[in-house]
Amino acid sequence: MSITIKDVEHVANLARLELSEQEKEQFAGQLNAILKYAEKLNELQTDDVEPTSHVLPVYNVMRDDVIRESVTNETALRNAPEDEDGQFKVPAVLE
């Protein structure tokens with residue numbers, strides 16, 4: 001697998017980046033070097049290696065959901081610059 005200039009242009013377009021021809025060639029070369037290095041992993045003997053998702057044992061620390069007293073609507077809105085009908089009022093962000 002190799003990265004072409006067209007691949008670099010596609011990714012740049014998705015990221016909304018404008019790249020010069022020199023940058024496109026440079027990035028294609030760098031990405032191909034990364035892929036070439038990653039292909040070396042295929043040379044490793046991994047038959048006896050157990051698949052893992054993380055090198056360290058990771059555990060979720062979760063607490064039980066407990067119903068408890070919460071702040072009142074009035075308290076939550078006390079420092080709001082503007083509120084309407086018991087809700088924060090914010091400027092519209094859609095055009």
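A salt bridge is a side-chain nitrogen of Lys or Arg within 4 Å of a carboxyl oxygen of Asp or Glu. Glu 84 and Lys 89 fit that description, as their side chains meet with N and O 3.1 Å apart. Keep in mind as you look around that this is a predicted model.

**The salt bridges**

Let's stay with charged side chains for a bit. Side chains of opposite charge can pair when their charged atoms come close. How many salt bridges does the count come to? By this rule, the count comes to 4. Here are three pairs with their N to O distances:

| Acidic residue | Basic residue | N to O distance |
|---|---|---|
| Glu 9 | Lys 24 | 3.1 Å |
| Glu 82 | Lys 89 | 3.8 Å |
| Glu 84 | Lys 89 | 3.1 Å |

Lys 89 turns up in the pair with Glu 82 and again in the pair with Glu 84. How much of these side chains can you see from outside? Glu 82 is partly exposed, at 43% relative accessibility. Glu 84 is partly exposed too, at 42%, and Lys 89 counts as partly exposed at 41%. Elsewhere, Glu 9, Glu 21 and Lys 24 are joined into one network by salt bridges that share partners.

**Lys 24, a lysine tucked away**

Now find Lys 24 in helix α2, which runs over residues 21-39. Is Lys 24 buried or exposed? Buried means under 20% relative accessible area, and Lys 24 has 13%, so it counts as buried. Its salt-bridge partner Glu 9 is partly exposed, with a relative accessible area of 34%.

Leaving out residues up to four places away in sequence, Lys 24 touches Ile 5, Val 8, Glu 9 and Leu 19. The salt bridge links two helices: Glu 9 lies in α1 and Lys 24 in α2, so the pair ties together parts that are 15 residues apart in sequence.

**How the two helices meet**

Two packed helices are described by the angle between their axes and the distance between the axes. For α1 (residues 5-14) and α2, the angle is about 105° and the axes are 9 Å apart. That makes α1 roughly perpendicular to α2. Which residues make the contact? On the α1 side they are Ile 5, Val 8 and Glu 9, while α2 brings Lys 24, Glu 25, Phe 27, Ala 28 and Leu 31.

Phe 27 deserves a second look. This residue of helix α2 takes part in the contact with α1, but it counts as partly exposed because its relative accessibility is 33%, between the 20% limit for buried and the 50% limit for exposed. Together with Leu 31 and Ile 34, Phe 27 forms a nonpolar patch on the surface, and the three have about 260 Å² of accessible area together.

**Two loop residues with a positive phi**

Finally, check the backbone. Most residues other than glycine have a negative phi, and most peptide bonds are trans. Which residues here have a positive phi without being glycine? One of them is Arg 16, with a phi of about 60°. You'll find Arg 16 in the loop between α1 and α2. This arginine is exposed, with a relative accessible area of 70%.

Asp 85 is another, with a positive phi near 55°. It sits in the loop between β1 (83-84) and β2 (87-88). Asp 85 is exposed as well, at 71% relative accessible area.

Notes:
Residues numbered from 1 in each chain as written. Predicted model: local features only at pLDDT ≥ 70, side-chain atom pairs only at ≥ 80, totals over all residues. Heavy atoms only, no water. Helix = DSSP H or I, 4+ residues; strand = E, 2+ residues; numbered from the N terminus. Buried < 20%, exposed > 50% of the residue type's maximum accessible area, 1.4 Å probe, protein only. Contact = heavy atoms within 4.5 Å. Patch = residues over 30% accessible without salt bridge, like charges linked within 9 Å, V, L, I, M, F, W, Y side chains within 5 Å. Areas by Shrake-Rupley, 256 points an atom, 1.4 Å probe, with all protein chains shown as cover. Axes fitted to C-alpha atoms, helices over the stretch in contact; angles between N-to-C directions. Parallel < 35°, antiparallel > 145°, perpendicular 65-115°, else oblique.
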